[in-house]
Amino acid sequence: MSKFLLFLGCTIPTKQYSYEISVRNVLPKLGVELVDFPESGCCGFPLKGLNKKAWIYMSARLLSLASKKGLPILALCNGCDTSLRKIKDLLMHDKDLREEMAKLLSNEGVKLDINAKVYHTLEVLHDFVGVERIKSLVQRPLKGIKVASYPGCHMLRPSDIPRPEDPVEPRKYDSVIKALGAEVGYYPDKGGCCGATLLPYSAKHALLIVASKLKTIKEYGFSAVSTSCPYCMEMIDAKQDAARSEVGDEDISIPVFYLTQLVGIAMGLKPKELGLNLNVSPVEGVLDRLGVSLYE
Amino acid sequence: MDSRILNEVRELVKPHSPQYCYQCAKCTSACTATKVIPEYKPHLIVALTRLGSVKGLMESGIIWACTECWKCSEYCPQDVAPVEVVIALKNLSIAMGYKPPEDLKVMAKNVVELGYVSPPIEVLSKEFEMYGREALSLPELVKPYVSEGTPTNLKKLLGGVYE
Ligand code: SF4
Ligand code: SF4
């Protein structure tokens, strides 16, 4: 049994509830024990443009709090995963920065400790649970569904720190999808960006990015998309309507699932146990083909 | 030429090194933002930074178009990490009194006050019902700070950016 601190971050516990629901219901069934970590709020990633030190500080404190608990972190969000690993790396190589952060943290009674290990959902599924184990638990194979994996920027980059996926040739994501009985495949710019960070500056241009990504995925014959990042989900699932009207292309419409939702469907869990009624994109079509009713 | 800018950027982007840029523009050919906003060009941003001529970038706010996708940094043969240069310019622009996009200010204010970028919201389900954490049987969300020291530290670091 592997045991992890459930690191929720910002977007998941305030908005992207289906990710949290599916993680809480699916992972324990795969032998993963989740320990609540209520201190795991904002990791500071969204603050880096305003003040890089504020970002470093927020991640340094969360690494320290996690280290004290003596358990590895399971980061669900690509942003949190990148943030924690990047700040750990920066602090490891910069004594002055360590001293500065240790001083700030002492103001709140926390001792700087960056030893906590950091893992992403994909790693827990692929490296800890393992593809064979997942395969053996499939009750409802996702036959005939061709799924485009959408790892998202910060599962792959920056690549000068350890990443959950191979930054050059991502394979783990597709091997988990294949284990569920679905098809996988290539499309251009698979490691591309969802545009979420562009939103505050220009929503219009962020939507152009969403539109072009989804259009490419459809052109390559996929019937669904899967991501493991709440920011990507927010863009490619929830903003399809907006992207469609921005570019005036009716064809921009495709079901999007969290990876943990796909694993749960294949394991025979009920749609509500996976929060599928909260996905905004048209997931009903895929569920129908598998003989699953959203409302069962 | 303002060499102070280059020095401050160098400090913020450590261990990367903007001084080794040879203007190959590989960063710009990989850039996510350039594809939708052609006037945004990371190689030019690096060049202007090296010249210390960044007023225009800050005044126009174009630096906030960067999606922080880190592609430029992967493609750069000189370990410049243009994305880090842009983040440094964003930081410096705020220190110099330029305003960030409004939504970022709101996010920062929420992080200081709540510990999250936004308060928990209710979302619309496919059955047209509104669901919050409680209705979804998710544990109640608590303020993630262990003491008042956290928001105090954070306020100090962020200055008055979100006022
Ligand atoms: S890729 Fe690197 S060296 Fe080439 S222009 Fe961009 S920053 Fe300069
Ligand atoms: S991080 Fe910014 S500058 Fe670099 S490629 Fe992405 S959008 Fe362009």
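**View 1. The surroundings of ligand 1 in this predicted model.** Thirteen residues make up the shell here, and those that come nearest to ligand 1 are C21(B), C24(B), A25(B), C27(B) and C76(B). Sorted by class, the shell around ligand 1 holds nine nonpolar residues, three polar ones and one charged one.

**View 2. The surroundings of ligand 2, with its closest residues from chain B.** Around ligand 2 there are 13 residues, of which C31(B), Y40(B), C66(B), C69(B) and C72(B) are the closest. Two elements of chain B each give two or more residues to this shell: α3 (32-36) and α6 (71-75). The shell around ligand 2 divides into nine nonpolar, two polar and two charged residues.

**View 3. A salt bridge between K71(B) and D189(A).** Stay with helix α6 of chain B for a moment, since K71(B) lies there. Its partner, D189(A), sits in the loop between α9 (172-179) and α10 (203-219) of chain A, so this pair joins two chains. The closest N and O atoms of K71(B) and D189(A) are 2.7 Å apart. Are the two partners buried or partly exposed? K71(B) is buried, at a relative accessible area of 7%, whereas D189(A) is partly exposed at 41%.

**View 4. A salt bridge between K126(B) and E284(A).** Here is another pair that crosses between chains: K126(B) belongs to the loop between β1 and β2 (130-131) of chain B, and E284(A) to helix α14 (residues 284-289) of chain A. Their side chains meet at 3.7 Å, N to O. K126(B) counts as buried because its relative accessibility is 15%, under the 20% limit. E284(A), with a relative accessible area of 29%, is partly exposed.

**View 5. A nonpolar patch on the surface of chain B.** L124(B), F128(B) and M130(B) together make a nonpolar surface patch of about 370 Å². L124(B) is found in strand β1 (residues 123-124) of chain B. With 48% relative accessibility, this leucine, L124(B), counts as partly exposed.

**View 6. The salt bridge of R24(A) and D36(A), part of a network.** The whole structure has 31 salt bridges over all chains, and this view picks out one between the side chains of R24(A) and D36(A), at 3.0 Å from N to O. Where do the two residues lie? R24(A) is in helix α2 (residues 17-26) of chain A and D36(A) in strand β2 (residues 32-36) of chain A, twelve residues apart. R24(A) has a relative accessible area of 21% and is partly exposed; D36(A), at 41%, also counts as partly exposed. Look around the pair, too: a network of salt bridges links E20(A), R24(A), D36(A) and R133(B).

**View 7. V23(A) and L274(A), 251 residues apart along the chain.** Helix α2 of chain A also holds V23(A). V23(A) is buried, its relative accessible area being 0%. The C-alpha atoms of V23(A) and L274(A) are separated by 8.1 Å.

**View 8. Strand β5 of chain A, with buried side chains on both sides.** In a regular strand, side chains alternate between the two faces of the sheet. Strand β5 (residues 147-150) of chain A can be read in this way: V147(A) and S149(A) point one way, A148(A) and Y150(A) the other way, and all are buried. Which strand pairs with β5(A) in the parallel sense? The partner is strand β6 (residues 224-227) of chain A, over four bridges. To find your place in the pairing, start from A148(A), which stands opposite V225(A) in β6(A).

**View 9. Strand β6 of chain A and its pairing with β7.** Both faces of β6(A) are covered. On one side are A224(A) and S226(A), on the other V225(A) and T227(A), and all of them are buried. β6(A) runs parallel to strand β7 (residues 256-258) of chain A, with three bridges joining them. A handy landmark is S226(A), whose bridge partner in β7(A) is F257(A). β6(A) thus appears in two pairings, with β5(A) and with β7(A).

Terms used
Residues are numbered from 1 along each chain as its sequence is written. Chains are lettered from A and ligands numbered from 1 in the order in which they are written. This is a predicted model: local features need pLDDT of at least 70, side-chain atom pairs count only at pLDDT 80 or more; totals for chains, interfaces and linings use all residues. Side-chain values use heavy atoms; hydrogens and water are left out. A residue is near a molecule or strand if one of its heavy atoms lies within 4 Å of it. Ala, Val, Leu, Ile, Met, Phe, Trp, Tyr, Cys and Pro count as nonpolar, Asp, Glu, Lys and Arg as charged, and the others, Gly among them, as polar. Patches are made of residues with over 30% relative accessible area and no salt bridge: like charges are joined within 9 Å, nonpolar side chains (Val, Leu, Ile, Met, Phe, Trp, Tyr) within 5 Å. Accessible areas come from the Shrake-Rupley method with a 1.4 Å probe; for residues, only the protein chains shown count as cover. A salt bridge is a side-chain nitrogen of Lys or Arg within 4 Å of a carboxyl oxygen of Asp or Glu. Buried means under 20% relative accessible area, exposed over 50%, partly exposed in between (1.4 Å probe, protein chains only). Two strands pair if DSSP finds at least two bridges between them.
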